[in-house]
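Notebook open, structure loaded. I want to go through the loops, the domains and the core in turn.

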Amino acid sequence: MATARNGRVYGEPRLSDELVVKVWRGREDGAFVAYRVPRRESQTVLDVVTWIQRHLDASLAYRYACRVGMCGSCAMTVNGVARWTCRTHVSRVAKGEALEIAPLANLPIVRDLATDMRDFFDRWARARGQFSGAATRHDDFARVDPASAARVAADAGIECIGCGVCHASCDVVAWRPAFAGPAALNRAWTLVNDERDTAGRERLLAVAGDAGCHACHTQGACTERCPKGIAPTAGIAGLKRLVAKAAMRGEL
Amino acid sequence: MSGPVTEAKLWYWQRVSAMALALFVLVHLATMAWAVRGGLSAAEILGRTRGSWLAGAFYGVFVMAAAVHASIGLATIAQEWLGLRAGAARTLAAVFALAIAVLGLRAVYGLVAA
């Protein structure tokens, strides 16, 4: 780091030596507990949580697996915003030395930073998130034109890793306990656009109405927060149009 | 009325009424801007609208679109913000829709026929 003649220092600002990290402990009636954690370069929020568990309190519960943004297990609420913690650098989200880490919103808390994801994936099942095909293993591979409009729409949503960030960011999920949520509806949208799938009508019925796509207010928090850059809002808008047309034509 | 198919139809009607309202509001505002050039008086307005079936039809459909659109939206707000059940929210919304329709159509009648 070079010091200029006028006394100003150029280069990267020096990191402070430590972070003060408030971590949610307990269940719904729990509270934040503050920890001091040494600050490192290129430190992720998941690194911070792991450091606390290994050096300060081994009883801290949290969930992770791949550490590289593939598995979707490590999402938490960081300074009030749902994020994948393995790919979130502390330098991007810390307010000075302060970091606040809580479990994902809109999901039951198992303990500390671990949420119960069963309800989240049950919603995928209720939104008919399973593929239904007509072909057997004896049939040849389906040949799907990658440039077809339907396949392009399906591809836009197919990279979801099921992290729950969109679900935790959605106000409608908080307001309507029965609402399927952006992740389940995004899944349904990819299948509606899968030309090999045979359960189109059942799926449209499963995602119709106020427990499905029509409750979405198009606020776009899911799209803004999705770490994979998926736009569930666009898929939900597509479902709304398809379902409403089918309902008006008496096809549901 | 409830069930996902009904809810999907209500969404459709709210969407269609919104499209209609967008057009009607623009025409209404443009007409207003044009009409007030010489000042605005009740006599002038009534002189233009009395006996005009075009004005009657235009504002009659406008009122019905507003009644449909606003009441469906209010039913949603009542469920999400006041915690009402779907049935109660829809009943409340139907009363509101009826009120808009009756008051609005009475006003249109006053403009065109009375």
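Before the loops, a note to myself: helices and strands here are DSSP runs, at least four residues for a helix and at least two for a strand, numbered from the N terminus. Also worth keeping in mind is that this is a predicted model.

**Entry 1, odd backbone angles.** I looked for positive phi outside glycine. Most residues other than glycine have a negative phi. Asp112(A) goes the other way, with phi near 55 degrees. I found Asp112(A) in the loop between strand S6 (109-111) and strand S7 (114-115) of chain A. Is Asp112(A) buried or exposed? I count 25 other C-beta atoms within 10 Å, so Asp112(A) is buried, given that 20 or more is the cut-off.

Thr218(A) also has a positive phi, near 60 degrees. Its loop runs between helix H8 (200-206) and helix H9 (221-225) of chain A. Thr218(A) has 11 other C-beta atoms within 10 Å and is therefore exposed, the limit being 12 or fewer.

**Entry 2, domains of chain A.** The assignment splits chain A into domain 1 (18-115) and domain 2 (118-248). Taken over C-alpha atoms, I get 29 Å between their centres. For the contact, I have 16 residues of domain 1 of chain A against 15 residues of domain 2 of chain A. Which element supplies the largest share of the domain 1 side? That is S4(A), with four residues. Strand S3 (75-78) and strand S4 (81-84) of chain A each put in at least two residues. I sorted the domain 1 side by class and got ten nonpolar, four polar and two charged residues.

**Entry 3, chain A against chain B.** This contact uses 15 residues from chain A and nine residues from chain B. On the chain A side, helix H10 (residues 232-248) gives the largest share, five residues. By class, I have that side of chain A down as nine nonpolar, three polar and three charged.

**Entry 4, the core.** The largest nonpolar core has 79 residues, and I noted Ile101(A), Leu185(A), Val207(A), Leu239(A) and Val243(A) as those with the most contacts inside it. What gives the most to this core? I traced that to helix H3 (residues 53-81) of chain B, with eight residues. Domain 1 (18-115) and domain 2 (118-248) of chain A both give residues to this core, so I place it between them.

Last, I pulled up Leu185(A) and skipped residues up to four places away in sequence. Its contacts include Ala127(A), Val207(A), Cys213(A), Pro232(A), Ile236(A) and Leu239(A).

Key. Residues numbered from 1 in each chain as written. Chains lettered and ligands numbered in written order. Predicted model: local features only at pLDDT ≥ 70, side-chain atom pairs only at ≥ 80, totals over all residues. Contact = placed C-beta atoms within 7 Å. Nonpolar A, V, L, I, M, F, W, Y, C, P; charged D, E, K, R; others polar. Domains from an automatic or database assignment. Core = buried A, V, L, I, M, F, W, Y, C linked by C-beta atoms within 7 Å.
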